[in-house]
Amino acid sequence: MSATRACALSELEQDTPLRVELDGVPICVVKDSAGEVHAIGDTCTHGNISLSEGFVEDDTVECWAHGSRFSLRTGQPLNLPAYEPVPVYAVAIDGDDVLIDPTVTKSAA
């Protein structure tokens with residue numbers, strides 16, 4: 001599998017998560033306050049909650065239901081109740097296209 005178009009870069013609003021689904025994989029795509037685009041698994045590891053419905057601050061996304069924050073760079077939870085990381089996907093930008101390969105995850109740092 002190779003990278004697939006997830007959305008247009010112009011569709012992304014700063015600090016506003018967007019949920020996309022690629023090959024059945026739900027992904028939360030975020031353009032952070034620095035303009036960097038991130039892609040992480042969209043499901044909170046504490047509960048079956050969509051992270052794209054959460055809140056973005058700097059390079060984190062917060063689950064609206066229980067308050068766990070996840071690093072957009074590593075997928076690691078930064079506070080309880082979540083303790084398992086979410087997958088993080090490599091993002092490529094080609095013109096106005098945001099490309100993500102939902103089968104390849106980046107290793108957590």
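The protein chain has nine strands and zero helices, and what you're looking at is a predicted model. Read from the N terminus, the elements simply go β-β-β-β-β-β-β-β-β. The strands sort into an open sheet of six and an open sheet of three. Here's a quick tour, starting with the overall build and ending with a few residues worth finding on screen.

**Overall build**

- A compact globule of 109 residues would have a radius of gyration near 13 Å, and the protein chain comes out at 13 Å, so the two agree.
- Along the principal axes, the C-alpha atoms fill a box of roughly 40 × 30 × 25 Å.
- Buried residues make up 41% of the 109 in the protein chain.
- The accessible surface of the protein chain is about 5600 Å², and carbon and sulfur atoms account for 47% of that.
- If you take contacts between residues at least 6 apart in sequence, 40% of them link residues at least 24 apart.

**The six-stranded sheet**

- Going across this open sheet, the strand order is S1-S9-S8-S4-S3-S2, and the pairing is antiparallel.
- The edges belong to strand S1 (4–8) and strand S2 (18–22); each has a single partner strand, so one side of each has no neighbour in the sheet.
- On average, neighbouring strands here are turned by 35 degrees against each other, ignoring direction.
- At one end, S1 pairs with strand S9 (residues 97–106) in the antiparallel sense, over four bridges.
- To spot that pairing, look for cysteine 7, which sits opposite valine 98 in S9.

**Strand S4 and its partners**

- All of S4 is tucked away: five of its five residues are buried, so the rest of the structure largely encloses this strand.
- On one side, S4 pairs with strand S3 (residues 25–31), antiparallel and over five bridges.
- Within that pairing, valine 30 has histidine 38 of S4 as its bridge partner.
- The S3 and S4 hairpin has five residues between the strands, and glycine 35 there adopts a positive phi near 90 degrees.
- S4 also runs antiparallel to strand S8 (residues 88–94), joined by two bridges.
- Alanine 39 is a handy marker for this, as it stands opposite tyrosine 89 in S8.

**The three-stranded sheet**

- This second open sheet has the order S5-S6-S7, again with antiparallel pairing.
- S5 and S7 are the edge strands, each pairing on one side only.
- From one strand to the next, the twist averages 25 degrees.
- S5 and S6 run antiparallel and are joined by three bridges.
- One bridge to look for links glutamate 57 with threonine 60 in S6.

**Nonpolar cores**

- The largest nonpolar core holds 14 residues, and Ile40, Cys44, Leu51, Val61, Phe70 and Leu72 have the most contacts inside it.
- There's also a second, separate core of twelve residues, with Leu12, Val20, Leu22 and Val29 among them.
- Setting aside neighbours within four places in sequence, leucine 72 contacts Val30, His38, Ile40, Val56, Asp58, Asp59, Thr60, Val61 and Val88.

**Cysteine 44**

- You'll find cysteine 44 in the loop between strand S4 (37–41) and strand S5 (55–57).
- Despite the loop address, cysteine 44 is buried, because its relative accessible area of 4% falls under the 20% cut-off.
- Not counting residues up to four places away in sequence, cysteine 44 touches Ile49, Leu51, Cys63 and Phe70.
- Cysteine 44 and phenylalanine 70 are 26 residues apart along the chain, with 8.7 Å between their C-alpha atoms.

**Serine 68**

- Serine 68 also has a loop position, between strand S6 (60–62) and strand S7 (69–71).
- With a relative accessibility of 1%, serine 68 counts as buried.
- Beyond its neighbours within four places in sequence, serine 68 is in contact with Val61, Glu62, Cys63, Asn79, Leu80, Pro81 and Ala82.

Key: Residues are numbered from 1 along each chain as its sequence is written. This is a predicted model: local features need pLDDT of at least 70, side-chain atom pairs count only at pLDDT 80 or more; totals for chains, interfaces and linings use all residues. Side-chain values use heavy atoms; hydrogens and water are left out. Buried means under 20% relative accessible area, exposed over 50%, partly exposed in between (1.4 Å probe, protein chains only). Contact means heavy atoms within 4.5 Å. Two strands pair if DSSP finds at least two bridges between them. Axes are lines fitted to C-alpha atoms, for helices over the stretch in contact, and angles run from 0 to 180 degrees between N-to-C directions. A nonpolar core is a set of buried Ala, Val, Leu, Ile, Met, Phe, Trp, Tyr and Cys residues joined through side-chain atoms within 4.5 Å. The radius of gyration is taken over C-alpha atoms; the globule rule is 2.2 Å times the number of residues to the power 0.38. Accessible areas come from the Shrake-Rupley method with a 1.4 Å probe; for residues, only the protein chains shown count as cover.
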